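Hi everyone, thanks for coming. I'd like to walk you through the strands of one structure, and then stop at a couple of loop residues.

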Amino acid sequence: MSTGSPFNRVEYVLARLSLTSPHDILWVNNTRTSQESCSIIFPSGRIPTFLLSSDQSHTLVSGLLLLNGFAFLLDAMNIQDGGLEGGCTCRYIRYRLASKPLIVHCCHCTWCQRETGSAFVINALFPASDVIHLNGEHEEGKQEPVIVNTPSLSGKGQRIARCPKCHVALWSNYPGAGSAIRFVRVGTLDSPHVFVPDAHIYARTKVPWVEIPKDAEVGVFEEFYDTEMVWGKDVDERRFKVLEGIRSRRAAAGGVDGTSG
Ligand SMILES: [Zn+2]
Ligand SMILES: [Zn+2]
């Protein structure tokens, strides 16, 4: 992760903490060491629960101060150490995420349940160019995943990138969003707790014992959501680019939603 500009570093910290709208950001220049330090201030109701965890191995910050309904994340730049990296179980494939996710889905569809052997999957969506391949740990150079064509709910199939050795699934591409968007399996991150789902999708088929938190950032959807509506609410340059791609693909294919499976 390039930490050159303060902007990138703040973006990075926010992504790491799944915070989208800080109340304020304070930069302090330490004249003695000429090092900049940064504190991020946000409403205390929005503190990610893992920050409050007593499990020290999950503590990512050097200080969290609660005051008058606000939380002050002190010296937040410490969080940049190590980067947002992930990989497969045998560590043959390693990757680094270079930006914050476009959105984080928790998918409760029966296809994801079957493919993961679990109750749901959590996918963080990234532009493919922001998923940087790193050197694997067993061989020289960057190792590439194998692409496995797999049936999907829409009938159009998905392309799952898997480690060629241990076969763990790292990310998927769906036809609607195309190869430009990777649905990264959040469970393959070294710190999978950093991304909290924004949207719960296919809630219609959620297993009965899973309770969806009431404060899901974007919402809970019985099936897939209308991408134009949900992304359009908080559109930035990156999302706009993806939406444009989806629109043109949809026009060519005749109306199927772009980011759905
Ligand atoms: Zn592997
Ligand atoms: Zn699914």
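Before the sheets, a word on terms: strands are DSSP runs of E at least two residues long, helices are runs of H or I with at least four, and both are numbered from the N terminus. Two strands pair if DSSP finds at least two bridges between them. Please keep in mind that this is a predicted model, where local features need pLDDT of at least 70 and side-chain atom pairs count only at pLDDT 80 or more, while totals for chains, interfaces and linings use all residues. Residues are numbered from 1 along each chain as its sequence is written, and chains are lettered from A and ligands numbered from 1 in the order in which they are written.

Let's begin with the sheet of eight strands. It is open, its pairing is mixed, and the order is β10-β11-β12-β13-β8-β7-β14-β15. At its edges sit β10 (146-150) and β15 (219-220), each pairing on one side only.

Now look at β12, residues 169-173, which pairs antiparallel with β11, residues 158-162, over four bridges. You can find R162 bridged to A169, and A161 opposite W171. On to β13, residues 181-185: two bridges join this strand to β12, again antiparallel, and here W171 has V184 as its bridge partner.

Is β12 enclosed or not? Four of its five residues are buried, so β12 is largely enclosed by the rest of the structure. By buried I mean that 20 or more other C-beta atoms lie within 10 Å of the residue's own; exposed means 12 or fewer, partly exposed is in between, and C-beta atoms are placed from the backbone.

β11 and β12 also form a hairpin, with six residues between them. In that turn, H167 has a positive phi, near 65 degrees, and is not a glycine. H167 counts as partly exposed because it has 14 C-beta neighbours inside 10 Å.

The other sheet I want to show you is open too, with three strands in the order β5-β6-β9 and antiparallel pairing. Its edge strands are β5 (85-87) and β9 (131-134). β5 pairs with β6, residues 94-97, over three bridges, and one of the bridge pairs is G87 with R94.

Which residue should you look for in the loop between β5 and β6? Try R91. Its phi is near 70 degrees, a positive value in a residue other than glycine. With 14 C-beta neighbours inside 10 Å, R91 is partly exposed.

That's my tour, and I'm happy to take questions.
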